Amino acid sequence: MNLPVNLHEYEAQSRSRLAAMVEAYYAGGANDEVTLREAPRAWEELRLVPRVLVDVSAPDLSTTVLGTRIALPVMTAPCALNRMAHADGESAVARATHALGTIQVLSTMASESLEQVARATSGPKWFQLYCYKDRDVTADLVRRAEAAGYAALCLTVDVPVLGRREREVRAGFHAPPGISIANLEKYGNQAEKLGGAPQTSGLASYVASRWDASLTWDRVAWLRSITTLPIVVKGVLAADDAVRAVEGGAHGIVVSTHGGRQLDTVISTTRALPPIVDAVAGRAEVYADGGIRRGTDVLKALALGARAVLIGRPYLWGLAMDGEAGVRHVLELLRDELTVAMMLTGRPTVASLGRDLVA
Ligand SMILES: Cc1cc2nc3c(=O)[nH]c(=O)nc-3n(C[C@H](O)[C@H](O)[C@H](O)COP(=O)(O)O)c2cc1C
């Protein structure tokens, strides 16, 4: 079989590898999927202004995130239940991500425990945190992430309620047999809560029963008080909120629409990013995700001020196609495309990427 030559081909070819319900869960967005469709288009529509006759013989894609050097400014985003794509699950994603010299952000909703995934590689890793109504559960997840060597906590703040993903609802999404939210097992049988029924998403009822919809900025302060790990707030789209996060002690912000899975018709990451970068003014690092499918998309996000980007679905496609090797190949494709894009725009280093690159 010929390997896919780009991420679009990974998307198309991976579809047949996934059970219909899983495909609906991975691919879907909220409601009319306006935000989902708009995300890749928004990057695509930005036009580049290259510079010529620059020595680009030694392109350098490396940068730092929260003080850690990464070889590629692309991280793997927290996505729930990776074992639905491939039996090797989050550990395979961790190994592939670290093979490319970058960072995996592991989801609270992973299908392998954070301890197990930590043992899979020695590379740097972050843990994505959802806040449970039971604060002891949240605090214990934080302690476990610290003990297992995670270098940052990525607090996701855009899910006070699960967006209504109609494909997920139609498919009656539930956790397939043998797959559970491994991180939560020690607090009771959480897998049961992902049971589905016709015309419902098992995840929506789980979120409604377990996660804390009363979360406010106070909780960021609480989190700050219980950990010394840097906090990255994920799911910020308003510049005022970004400033609030920084003032509350966040070291990083992920500008994100949650892959178009939460509020449909929300402002795109592409449009939200520049005002947030301006408002944060270097006081924290700003990352971006949503619809990144090409090296030029990465380039544009960095040019608009993102320190690095995250990819979600693309690595799930790679995982579904060929486990660890598939994820590695997806990242290699992005790396190679980014290298060519940097050379063709006369920007051989990440530091040389500025807003003047985008028309
Ligand atoms: C199947 C799936 C599961 C996700 N699960 C989580 C999660 O558990 N925590 C989280 O913060 N974001 C989650 N996200 C959002 C991703 O972290 C990321 O923001 C998004 O996928 C980026 O858009 P992209 O898929 O277009 O790259 C999920 C996304 C997908 C597609």
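Student: Which residue stands opposite Val-309 in β10?

Tutor: Keep in mind that this is a predicted model, where local features need pLDDT of at least 70, side-chain atom pairs count only at pLDDT 80 or more, and totals for chains, interfaces and linings use all residues. Residues are numbered from 1 along each chain as its sequence is written. Strand β9 (residues 285–289) pairs with β10 in the parallel sense over three bridges (strands, E, are DSSP runs of at least two residues, helices, H or I, of at least four, numbered from the N terminus; pairing takes at least two DSSP bridges). The β9 residue facing Val-309 in β10 is Ala-288.

Student: And which β10 residue does Thr-76 stand opposite?

Tutor: Strand β3 (residues 74–76) runs parallel to β10, joined by three bridges. Thr-76 sits across from Ile-311.

Student: Is Leu-310 in β10 buried or exposed?

Tutor: In a regular strand the side chains alternate between the two faces of the sheet. In β10 (residues 308–311), Val-309 and Ile-311 take one side, with Ala-308 and Leu-310 on the other. Buried means 20 or more other C-beta atoms within 10 Å of a residue's own, exposed 12 or fewer, partly exposed in between, with C-beta atoms placed from the backbone. Both faces are covered, and Leu-310 is buried.

Student: What helices do the buried residues of α2 pack against?

Tutor: In α2 (residues 20–27), the buried residues are Glu-23, Ala-24, Tyr-25, Tyr-26 and Ala-27. Contact here means C-beta atoms, placed from the backbone, within 7 Å. The partners of these buried residues are α7 (166–170) and α13 (313–344).

Definitions and conventions
Contact = placed C-beta atoms within 7 Å.
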